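Here are my notes on the model you sent, which is a predicted one. They go from the surface inwards, and I suggest keeping the structure open while reading.

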Amino acid sequence: MSLFLKYWLPPLLWASLVSVFSSDSFSSDNTSSLFLPLFQWLLPQATPELIQSLHYLIRKLGHFTEFFVLAMLLYRALRGGRGAHWQWRVAAWTLSLVLLYAVADEVHQRFVPSRSGAWSDSLLDFFGGCCALALLYARYRTKAGALTPVAVSDPYGN
């Protein structure tokens with residue numbers, strides 16, 4: 001049971017947090033009351049269009065980041081502590097779960113009155129998951145390359 005909690009509790013809690021972010025409390029109308037005054041204070045010369053664009057960008061970065069973290073946590077959970085080598089099957093399962101949850105999240109938002117589900121957001125979520133796995137893979141390749149012995153050439157041809 002403790003291994004299950006060690007590996008699966010973080011992604012389950014994070015997925016729950018993603019669901020909270022998909023609620024009415026975090027709709028664009030509600031987050032604008034926080035972000036718009038903050039941007040106006042930080043950028044007093046900014047036009048209202050720029051302020052709205054920054055709010056939109058922050059919301060889209062939220063999608064990307066939520067699913068970036070979810071993919072990292074899911075990959076770790078699916079590996080379950082088995083070795084430090086890259087596992088393509090685990091990566092495929094991770095991306096499948098990320099995509100499934102991204103689509104489910106957008107479907108859920110269609111039933112929240114102040115939200116609207118957008119398939120483009122699901123693609124952005126999936127892209128966040130892909131970037132997380134790309135980073136993990138690059139990290140694995142860097143470590144694997146560092147551990148590989150380098151052939152040393154003999155300057156005398158021996």
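1. On the surface, F4, L5, L9, L12 and L13 together make a nonpolar patch of about 450 Å². One of these residues, L13, lies in helix α1, and L13 counts as exposed because its relative accessible area is 53%, where the cut-off for that word is over 50%.

2. Turning to the interior, the largest nonpolar core is built from 10 residues, among them A15, V18, F67, F68 and L70. The elements that supply two or more residues to this core are α1 (2–21), α3 (48–79) and α4 (88–110), and α3 gives the most, with five residues. The list of core members also includes V98, A102 and A132.

3. A15, a member of that largest core, deserves a separate look: once its neighbours within four places in sequence are left aside, A15 is in contact with L70 and Y101. L70 is itself one of the residues of the largest core.

4. There is also a second core, separate from the one above and made of six residues, including Y75, V90, L133 and L136.

5. Is S22, which is found in the loop between α1 and α2 (28–42), buried or exposed? S22 is buried, because its relative accessible area is 1%, and the cut-off for buried is under 20%. Not counting residues up to four places away in sequence, S22 touches D105, H108, Q109, V112 and R115, so I would describe this loop residue by its contacts as well as by its relative accessible area of 1%.

Terms used:
Residues are numbered from 1 along each chain as its sequence is written. This is a predicted model: local features need pLDDT of at least 70, side-chain atom pairs count only at pLDDT 80 or more; totals for chains, interfaces and linings use all residues. Side-chain values use heavy atoms; hydrogens and water are left out. A nonpolar core is a set of buried Ala, Val, Leu, Ile, Met, Phe, Trp, Tyr and Cys residues joined through side-chain atoms within 4.5 Å. Buried means under 20% relative accessible area, exposed over 50%, partly exposed in between (1.4 Å probe, protein chains only). Helices (H or I, at least four residues) and strands (E, at least two) are DSSP runs, numbered from the N terminus. Contact means heavy atoms within 4.5 Å. Patches are made of residues with over 30% relative accessible area and no salt bridge: like charges are joined within 9 Å, nonpolar side chains (Val, Leu, Ile, Met, Phe, Trp, Tyr) within 5 Å. Accessible areas come from the Shrake-Rupley method with a 1.4 Å probe; for residues, only the protein chains shown count as cover. A salt bridge is a side-chain nitrogen of Lys or Arg within 4 Å of a carboxyl oxygen of Asp or Glu.
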